[in-house]
Amino acid sequence: MAAVLTPLAPSTAAGPRAVSRPPWGGWRSRWPLLPLVATVLLPALPHGASGGGGPADVASGVAVLVCVGRLLYLRRRPLSATAALVLGLPVVGFALATVTAADPAAALPGLVRYLQVFVLVPIAVCLLLRDAHGFRIVAGSLVVLAVVQGVTGVHQYVTGTGASYMGEDIRAVGTFGPSDIMGMATVVAYGLLAAAACALRTPRNAPAWLRPCAAVLAVALIVPLTLSFSRGVWIATAAAVLVVLALTGRRQALTSLAVLGAAGVVVVGGFGIGSEMIADRAASVTRVTSTPDRSVSDRYAMWSAAGAMWRERPAAGVGLKGFPAHRDGHASIGLSSGSDTAGAGQEFRRQALLSPHNMYLLVLSEQGLIGLTALLGSWAAILAGAVRRLCVARSRGHVAVDCGLAAVALMTWQSVNFLYADIGGPTTVLSGVVLGLAAWWALSGPDRVSAA
């Protein structure tokens, strides 16, 4: 009995880690997470669309500097050998594509951007997250951003103040505007998946209200996601949800699918929210050979151009930032000069098509087989490690299974969405945060992951 009562007595010899503290408190020791939280929340702030870093990029730079400062001050080994290899592997392709580019100086901005998003930010996330509670703080920030953008997007649809779609200003784009048509859909998908993971496996010591609140938010975010009319995001979100449900067990998967199906019937069928346009948009996914719309035709033309660039330089590609310069020399005459954007407070403008809207083909064309192999190898190792650790955590009754579900869902979403999108816009830095969250779960030591 004395051994049971011992932890309740004050002790000065045990050190700060032996003191029981509320798992949802302790912000004084969590201040290094503030740059990461700012990186997640700041992409919604408007900034110039002419290029250059936005507020979120500045915050991500601060996060990297804080990480470096802590490493120098604490004198700890930054990463395990496995984590360093997995996260550092893409540098090989980035560096080679820069050195072998026709104009290495022009490729340098691309090198900096790729290092930021796919190497430095993920490493900073891995090192600044001390335990599962830190993971939940960053994931919760994704939910907050999704809710704000989702409410804004639904308001745009209801009031007809969104981006132009089929002649009407109804497309939900949040604060990102028509020039970044995928921005709101991306952050809403991130938040939906993070909320769904929390609802499926709520932490044991969480407040009683957290699980129902997370479930309601996950279902509610389906509305703005639908009103974004972003086919690629729909597909990626559906794939991520199905993967996560399959990893939670048959009974819970069937229950969750029934709830999601009922929510879809109520939202689209019962209230009639964009049902005709949604049905037409969904049907257009399969019309790739018979009567594809203009956006599909342009996308396939750019995919063909990316393939032609790779065949011309299969090993190292045409160099970072080289796709726009080589596009016209490899694209078919059917490719239009750009896409039309308007609405959401922006006048009509023609937006140039400067990327293939497929991350894998963009990497293949600009970095060749070497770069694509390095990048895919890194991402595959992270995803496989995240799934493996999630299965182990479930079998052992781990208290941080919610983090594993979120990591697998976000990494799956990113992997599938990159089939229809690439980096660009203010939400690009969030890709680095998502990779970092997944890498932390997959590659961090068991002592850091097991802490609730």
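Helix α8 covers residues 183–200 of this predicted model. With 18 residues at 1.5 Å a residue, helix α8 should span 26 Å, and its end C-alpha atoms are indeed 26 Å apart, so the expected and computed lengths agree. The surroundings of α8 can be described in similar terms: 18 of its 18 residues are buried, and the helix is therefore largely enclosed by the rest of the structure.

The interior of the model comes next. The largest nonpolar core contains 117 residues, and those with the most contacts inside it are Phe118, Leu129, Phe135, Met359, Trp379, Leu437 and Trp441. Helix α8 gives the most to this core, contributing 13 residues. Apart from this core lies another one, made of five residues, including Cys198, Ala199, Ala206 and Ala214. In soluble globular proteins, nonpolar side chains tend to be buried together.

Thr427 belongs to the loop between α17 (401–417) and α18 (428–443). Because its relative accessibility is 8%, under the 20% limit, Thr427 counts as buried. Leaving aside neighbours within four places in sequence, Thr427 is in contact with Phe176, Asp180, Gly183 and Val187.

The surface also carries nonpolar residues. Leu85, Leu89, Val92, Leu96 and Ile370 make a nonpolar surface patch of about 390 Å². Within this group, Leu96 is found in helix α5, which comprises residues 90–99. Leu96 has a relative accessibility of 31% and therefore counts as partly exposed, a class that lies between the 20% limit for buried residues and the 50% limit for exposed ones.

Key: Residues numbered from 1 in each chain as written. Predicted model: local features only at pLDDT ≥ 70, side-chain atom pairs only at ≥ 80, totals over all residues. Heavy atoms only, no water. Helix = DSSP H or I, 4+ residues; strand = E, 2+ residues; numbered from the N terminus. Expected span 1.5 Å × (residues − 1). Buried < 20%, exposed > 50% of the residue type's maximum accessible area, 1.4 Å probe, protein only. Patch = residues over 30% accessible without salt bridge, like charges linked within 9 Å, V, L, I, M, F, W, Y side chains within 5 Å. Areas by Shrake-Rupley, 256 points an atom, 1.4 Å probe, with all protein chains shown as cover. Salt bridge = Lys/Arg side-chain N within 4 Å of Asp/Glu carboxyl O. Core = buried A, V, L, I, M, F, W, Y, C linked by side-chain atoms within 4.5 Å. Contact = heavy atoms within 4.5 Å.
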